[in-house]
Amino acid sequence: MRTLKAKRLRVTAVSLALAAAFAAVACGGDDKTQSAPDTGSSRAGMHIEFAFAGVPGDPYYTVIKNGAAQAEKDMGVDVEFKETAQYDFQEQVRLIKAAIARKPDGLVVSEESPEVLDGPVKDAVDAGIPVIIAAAGEDSVAKTGALGFVGQNEFEVGFKAGLQLKAAGVKRVACLNPAVGTPNLDSRCEGLEKAIGTGNVDVIAIDQTDRTAAKNRVKAILQRGGVDGILALAAATVAEPAVAAVEESGKQDEVTVATIDLSPGVLSAVRDGKLLFASDQQQFLAGYLPVVLLALQHQYGIRPPSFVPTGPSYVTKANAAEVIELSKRGIR
Amino acid sequence: MTTPAIGPDWLRGLRRRPEVTPVAGAFAVWLFFALIAGGTGFLTTQGTANYLEVAAQLGIITIAVTLLMIAGEFDLSVGSMLGAAGVLMAYPVVELGWPLWAGMGFAFAGASLVGLINGLLVIRTALPSFIVTLASLFILRGVTIAFTHDVTGGATQVGGVDEATAGSFLRSALAGELLGLPAAVFWWIAMTLVASVVLAKSRFGNWVYGAGGDADAASKLGVPVARVKVILFVLTALSATLVATIGVLVNGAADVQQGQLKEFQAITAAVIGGTLLTGGYGTVIGGAFGALIFGMVSQGIFFTGADADWFQAFLGAMLLSAVLVNRYVTRHAQAAS
């Protein structure tokens, strides 16, 4: 809690625009009578908890956390972002159980591991807590009775990335997966294979905590030959080393690289044409929008039905420069 | 040939040559990958540079970790130190415009302080270093994340190192290439040789063995056990900082998550190299070959095209067999003497 409040986040034009846009959609009208959101009465003192399996410091989760912190300010509610110390779903289950005991006014959960988390999330729903699933776990909404999902369809992310690679002439792709076995990442590789063609995708496990090893693994793949495309499933820790590996192997002309998610290094690589594109979940929204949804549900009993997509949107050479500044500040 | 427990004569010489097992092991692993993956680039200069770079970065840390283990202590905070040092060095260089040497000096000073605190805590509290440095592992990683997050206004990486250090001599000395091999490999080999000589020939080397063998007896003989251990904790933190610096310069960015599990990788390399967990026994050369084995296994598996999910299982099996062979050789050598 204290860390969230201490965060020196500037109110950005983007998040303000998002808030305004969302308020307009949620209020169901774009008429001129739209006024400043009512932060006074019934949502003052509202308490929303996040229970995520993010590792503190992971750049991806940091953006979600920053989104939640921004929403806390903008919506005038109390947000507590809880994340596990390790990428550990059992620990996340304990976070959810603790939340059920505290009975917050809203709970936001990421479901990277539905088989472990569906049960506890359903318990929270049964306990009368409004739950939004965010960032991962679209399929769990129906199974748990959660209010909705804010995030992207991971199969679609892989599929659309695959179509773009295919259009660029790529025949065989290495899918660099930093967490083999987690359904949302595996779905990306499966979507990719659907687009590229069965049997033309090699799934490669990459170690995120050692960039030299990650880079050299990609070099080994390139040296072995056969692939003319690379899709990195994470930005800073996977795509950046992959770009370096392609350059150092002198295969820029033979191998097309693209990535899911953003980082400052990925964005400059996109800008410089070393990455074909970066598929962006805009996960700031996965932290921001659930707070808005829960607050409006709490205050007025209104919410969009089910799935609110946050991505994929694409960063290419054309728009990289403008995204760079926001990424540096942990917003994209 | 008096009793079956005594091995053949040639084994007798191995008592003073504990490196033989890791050297033979490294050759066996190399042969394995040469046969399986020789046609896919493992044997080329690039392929060799590939695993040597990984081995070198681990190996530099393994040198200090081996010395510390011989002196009877562990440092589990090495991996967190690596992440912390990367940020300590990169942040002032990129964001405050310091020259590279100043950023490195800052990181080395910070590392010395961490090593000093680790060492003094272990000596003063007489708690097992395993526990003390386990606490440092968490504290250091947590502080690194919180600090980076705060000063950058939400990010957890410091990029732009390439631009900030372009043209620096130190940069080419640490992250350049020579004869197709990354600079880290030469640093690793040079430091391994120096540390071996110090350990085998110098008074400090004797003190290290004494501190880990029987600390009480060593103290009575005038060995400054506490001082030796504190120095080794500092050296360990410094070695992690050197590797962090190399990594940041090679990869162009510092990242708070770097180095996780490096502490166990370094201990693994030391143990494959014949160092005993109980202290008092081990060699730097052995540790270097342990790191080499680690590097070959971790990268070689990608040349084979085998499912990379098997890497950790393979590594665990290597570790177990290395320790079993070490024990077999040591027992027979001792029985024979």
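Which order do the strands of the open sheet of six strands with mixed pairing follow in chain A? The order is S7-S6-S8-S9-S10-S12. Pairing here asks for at least two bridges found by DSSP between two strands, while helices (H or I, at least four residues) and strands (E, at least two) are DSSP runs numbered from the N terminus.

A word on the ground rules: this is a predicted model, in which local features need pLDDT of at least 70 and side-chain atom pairs count only at pLDDT 80 or more, whereas totals for chains, interfaces and linings use all residues. Residues are numbered from 1 along each chain as its sequence is written, with chains lettered from A and ligands numbered from 1 in the order in which they are written.

**The mixed sheet**

Back to that sheet. Its edges are S7 and strand S12 (313-315) of chain A, and since each has a single partner strand, one side of each is left without a neighbour in the sheet. From one strand to the next, the twist averages 25°; such angles run from 0 to 180 degrees between N-to-C directions, with axes being lines fitted to C-alpha atoms, for helices over the stretch in contact. At the S12 end, strand S10 (residues 278-280) of chain A pairs with S12(A) through three bridges in the antiparallel sense. Look for A:Ala278 there: its bridge partner in S12(A) is A:Val315.

**The parallel sheet**

Chain A also has an open sheet of six strands with parallel pairing, in the order S2-S1-S3-S4-S5-S11. Strand S2 (78-83) and strand S11 (306-309) of chain A hold the edges with a single partner strand each, so one side of each has no neighbour in the sheet. On average, neighbouring strands of this sheet are turned by 20° against each other, direction ignored. Strands S4 (residues 131-134) and S5 (residues 148-151) of chain A run parallel and are joined by three bridges, and A:Ile133 has A:Phe149 in S5(A) as its bridge partner.

**Helices on the sheets**

Here is how some chain A helices sit on these strands, with contact meaning C-beta atoms, placed from the backbone, within 7 Å.

| Helix | Strands touched or lain across | Direction |
|---|---|---|
| H4(A) (residues 89-102) | S1 (47-52), S2, S3 (106-109) | about 165° with S1(A) |
| H12(A) (residues 284-300) | S1, S2, S3, S4, S5, S11 | about 150° to S5(A) |
| H10(A) | S6 (173-177), S8 (229-232), S9 (256-260), S10 | about 175° to S9(A) |

H10(A) has a helix partner too: it packs with H11(A) at an angle of about 40°, their axes 8 Å apart. That makes the two helices oblique to each other, the class left over once under 35 degrees is called roughly parallel, over 145 roughly antiparallel and 65 to 115 roughly perpendicular. Among the residues that meet are A:Ala239 and A:Val243 in H10(A), and A:Val266 and A:Ala269 in H11(A).

**Where the chains touch**

The contact takes 39 residues from chain A and 36 residues from chain B. On the chain A side, at least two residues each come from helix H3 (59-75), strand S7 (201-205), helix H9 (211-224), helix H10 (235-248) and helix H11 (264-271). H9(A) gives the largest share, 11 residues.

As for chain B, its secondary structure comes to 15 helices and four strands, and its C-alpha trace spans about 75 × 55 × 35 Å along its principal axes.

Terms used: Contact = placed C-beta atoms within 7 Å.
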